Each structure stands twice: as structure tokens, then as C-alpha cells.
Amino acid sequence: MFVVDSQVHIWKEETPDRPWVPGARERIRLNGHREDPFSYEECLELMDEAGVNRALILPPSWEGDRIDYALEACEAHPDRFGIMARIPQNKPEEGTAMLKDFAQNPYIKGTRLTFHRPQDRNWMIDGTNDWYWPIAEELNIPTMVHAPVWKAELGQIAGNHPGLKIIIDHMGIMARCVDDAIGYWAAETADLHEHPNIYVKVSALPGYSTAPFPNLNIEKYVRHMVDKMGPERCFWGTDITRLLGHGLTYTDTIEQFTKHFDFTAEELESIMGKGICDVLDWPIEG
């Protein structure tokens, strides 16, 4: 099985010439990420141990909009890493120029937008981000979106821009919701299945359950998502730096789907890697 992780963060230590955004360290703690740097070399070592063929790097928000370290990882291992790049969502002129550059860069498979922090939560509805959607559609730039509270709005955007591929993060679950509390958010996301250009990351799942691994209490919500969206539109992922501190291994996150959740071999082929590669036009070699 070809395995692709749809979300990992890598980053360097904060230094005077590489400052983090204000309040970043507190947000890291709040969201359960480890604070120590996570290098692409360490990430690659864990991937090799678990049998992960590729990973998509989502440059972390605490480093701002920079993607230089992600590009370094791709240049060193172009067959293993791709990037869903950050852009300055509230700066249309600068963002447009960056998107045009991204469209020519083979390492950049798309972008990732966030609408869940205090500073960007309303950008989808107050006009700040309106410039982005038509340009991304025109340039054929797939877009990952973390916007738990704006499901209806995402549906409208998908309908208005049918050529734009929109990939919803973490089943659309609100941060720090766990167990049956995730059902409302996941159901909202699954209801967007009528838009064929909307896809979903079934990612970071152990963090949404207080039950012992393999977190069988939330399997029904994952099953519902796959049944609604179809396995070809659901993408496994880890957000591994949120899970390492909970006693889980990279292999655990794979086996949650392949050994513990009730999916067929055909479904797993799509969920675990083929689906995301097809959507991002990232051919599987051989």
C-alpha cells in the first residue's frame, strides 16, 4: 500500500533571526504540539520506520508565512515531501504574486489557509479572503482549509468555484472537541459531499478521543464521513507532532485505519495515499 501523510509540520528552533509570531508558544501548548523543533530528518526517520512513502509539509503557523525550511526538505528529498504552502491571506497583492510563483514550483502541491485563530477567524466572511478563491481556481492550486465554523460558507465557495479543489482539515472538527462532541462538526462536513470539489482529511484522529488507542469510540464518525464523501475523497493524515506526546507512534496512526477500523482493502488504498496523490496530481511512481 502506498502511504501518504496529508499533514506534518516541521520547524526549526526560534532564534532572533527566525522569530515566531507573538503568542505562538502558548498556542503550541494549547493545541498539544511539542515545543522542541521537529526537523525533516527526524520526520523522515519516523516515516521510514512506519512505512510512509510521502508526507505533505504544512509550514506551521507559529513561523508565520515562511516556507523556506519546507523547500529545503523538498530539495533534499523530492520524492518524499511536498508542500501545502502558507500565504499572507490578508495581503491580496503579495498573495497573488506568491500564488503565481507557487503554480510554477514542482515542490508546492497547493496551499493551506486557516480561519480558526483570533486574527483570521472572520476572514472568510468579512471579505478579507475573497480575492483568493478565483485566483486559486484559475491557477489550479488545491487548497487545504482549516475553518471549523464556516461549513456553509465553504459550500458556497465550492459552488461558486467548481474548478477549485478544497480539502477540509481534520474532518472539520473544532479544536479541543473530543469523543461524541465531534459528531456535530463531522456531520456538518459530511453534508458537503454534494460538492464534488470538496475533499476531507480524516487526520489527527487520536487527538479527538479520550478513549484508549485505537479510539474505537470515534470510528463511527470516520465511517460516516467515508460513506458520504467516498474513500477517494477522504485522506489519512497524522499531524504527528500533536500525537508523539501521547505515547503513540507513527505506526500506530497507520494501524488505526489498517488494522482496527473496519475498512476494505480497496477503501484503504484510496484513503491511505492514492486519493490525495490523485487530487494533487502527484503521480505514484511505478
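Student: What makes β5 and strand β6 (residues 166–168) paired strands?

Tutor: In this predicted model, three bridges join β5 to β6, and the two run parallel. Pairing takes at least two bridges. Three meets that cut-off, so β5 and β6 pair. For one position, Thr143 stands opposite Ile166 in β6.

Student: How do you know that strand β4 (residues 108–114) also pairs with β5?

Tutor: Use the same cut-off of at least two bridges. Four bridges join β4 to β5, so they count as paired. These strands run parallel too. Leu113 has Val145 as its bridge partner in β5.

Student: Which helices go with these strands in β-α-β units?

Tutor: Helix α5 (residues 132–139) does so with β4 and β5, in a right-handed unit. Helix α6 (residues 151–160) does so with β5 and β6, and that unit is right-handed as well.

Student: What makes both faces of β5 count as covered?

Tutor: β5 spans residues 143–146. Thr143 and Val145 are buried on one side. Met144 and His146 are buried on the other.

Student: Why is Asn197 called buried or exposed?

Tutor: Buried means under 20% relative accessible area. Asn197 has 7%, so Asn197 is buried. Asn197 sits in the loop between α7 (182–190) and β7 (198–203).

Student: How do you know that the side chain of Asn197 makes polar contacts?

Tutor: Check the distances against the cut-off of within 3.5 Å. The Asn197 side chain reaches the backbone oxygen of Leu164 at 2.9 Å. It reaches the backbone oxygen of Ala158 at 3.1 Å. Both values fall within 3.5 Å, so both pass on distance. Beyond four places in sequence, Asn197 touches residues including His161, Pro162 and Lys165. Ile166 is also among them, and Ile166 is the residue opposite Thr143.

Student: Why is Phe261 called buried or exposed?

Tutor: Phe261 has 4% relative accessibility. The limit for buried is under 20%, so Phe261 is buried. Phe261 lies in the loop between α9 (250–260) and α10 (265–279). Leaving out residues up to four places away, Phe261 touches, among others, Leu205, Pro214, Leu216 and Val222. Gln256 is another of the residues touched by Phe261.

Student: Which residues of α9 are buried, and what do they pack against?

Tutor: Tyr250, Asp252, Thr253, Ile254, Gln256 and Phe257 are the buried ones. They pack against β1 (4–8), α2 (40–50), β7, α8 (219–229), β8 (234–237) and α10.

Methods
Residues are numbered from 1 along each chain as its sequence is written. This is a predicted model: local features need pLDDT of at least 70, side-chain atom pairs count only at pLDDT 80 or more; totals for chains, interfaces and linings use all residues. Side-chain values use heavy atoms; hydrogens and water are left out. Buried means under 20% relative accessible area, exposed over 50%, partly exposed in between (1.4 Å probe, protein chains only). A polar contact is a pair of N or O atoms within 3.5 Å; within protein, one must be able to donate a hydrogen and the other to accept it, and residues adjacent in sequence count only if both atoms are side-chain atoms. Contact means heavy atoms within 4.5 Å. A crossover is right-handed if, with the strands pointing away from the viewer, the path from the first strand over the helix to the second runs clockwise.
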